[in-house]
Amino acid sequence: MDEFLAFRKMITPMIIQIIFWVGVVACVITGFGAMGQSFFAGLMILLIGPLVVRIYCELLILLFRIHDTLTEIRDRTPSIGR
């Protein structure tokens, strides 16, 4: 709990997973809704929408992985002048 309150533990990666599933559900609902207007457009939303949401979420998680790696490198290197 102390790490959470000191902002050393990130909760955003867990929230990003929720955002991914909400985005997939939104793409499916939108895709089926768009099929009423144009079958091809709805099909494209169903196929490409979740892929785009996944790529976006992976890019966000990549930022947190970079942060974790840089923190690990900082912790393993000897401190000079600190």
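Is W21 buried or exposed? In this predicted model, W21 has a relative accessible area of 54% and is therefore counted as exposed, whereas F20 has a relative accessible area of 13% and is therefore counted as buried.

The two residues were examined further as a ring pair. A pair of aromatic rings is described by the distance of the centres and the angle of the planes. The count of aromatic pairs comes to one, and this pair is formed by F20 and W21, whose ring centres lie 4.9 Å apart and whose planes stand at 70 degrees to each other, an arrangement classed as edge-to-face. The ring of F20 has a further partner in R54, whose charged end sits over that ring at 5.7 Å from its centre.

The helices α2, which spans residues 12-34, and α3, which spans residues 39-76, have axes that come within 8 Å and cross at roughly 170 degrees. Because angles over 145 degrees count as roughly antiparallel, α2 is described as roughly antiparallel to α3. The residues of the contact between α2 and α3 comprise 17 that are nonpolar, six that are polar and one that is charged.

Buried nonpolar side chains were also grouped into cores. The largest nonpolar core consists of seven residues, namely I16, F20, V24, C27, V53, C57 and F64. Two or more residues of this core are given by each of the elements α2 and α3, and the largest share, four residues, comes from α2. F20 thus appears in several parts of this description, as it is a member of the largest nonpolar core, forms the edge-to-face pair with W21 and lies beneath the charged end of R54.

Definitions and conventions: Residues are numbered from 1 along each chain as its sequence is written. This is a predicted model: local features need pLDDT of at least 70, side-chain atom pairs count only at pLDDT 80 or more; totals for chains, interfaces and linings use all residues. Side-chain values use heavy atoms; hydrogens and water are left out. Axes are lines fitted to C-alpha atoms, for helices over the stretch in contact, and angles run from 0 to 180 degrees between N-to-C directions. Angles under 35 degrees count as roughly parallel, over 145 as roughly antiparallel, 65 to 115 as roughly perpendicular and the rest as oblique. Ala, Val, Leu, Ile, Met, Phe, Trp, Tyr, Cys and Pro count as nonpolar, Asp, Glu, Lys and Arg as charged, and the others, Gly among them, as polar. Rings of Phe, Tyr and Trp (its six-membered ring) pair if their centres lie within 6.5 Å; planes under 30 degrees apart count as stacked, over 60 as edge-to-face and the rest as tilted. Buried means under 20% relative accessible area, exposed over 50%, partly exposed in between (1.4 Å probe, protein chains only). A charge sits over a ring if NZ of Lys or CZ of Arg is within 6 Å of the ring centre and within 35 degrees of the ring normal. A nonpolar core is a set of buried Ala, Val, Leu, Ile, Met, Phe, Trp, Tyr and Cys residues joined through side-chain atoms within 4.5 Å.
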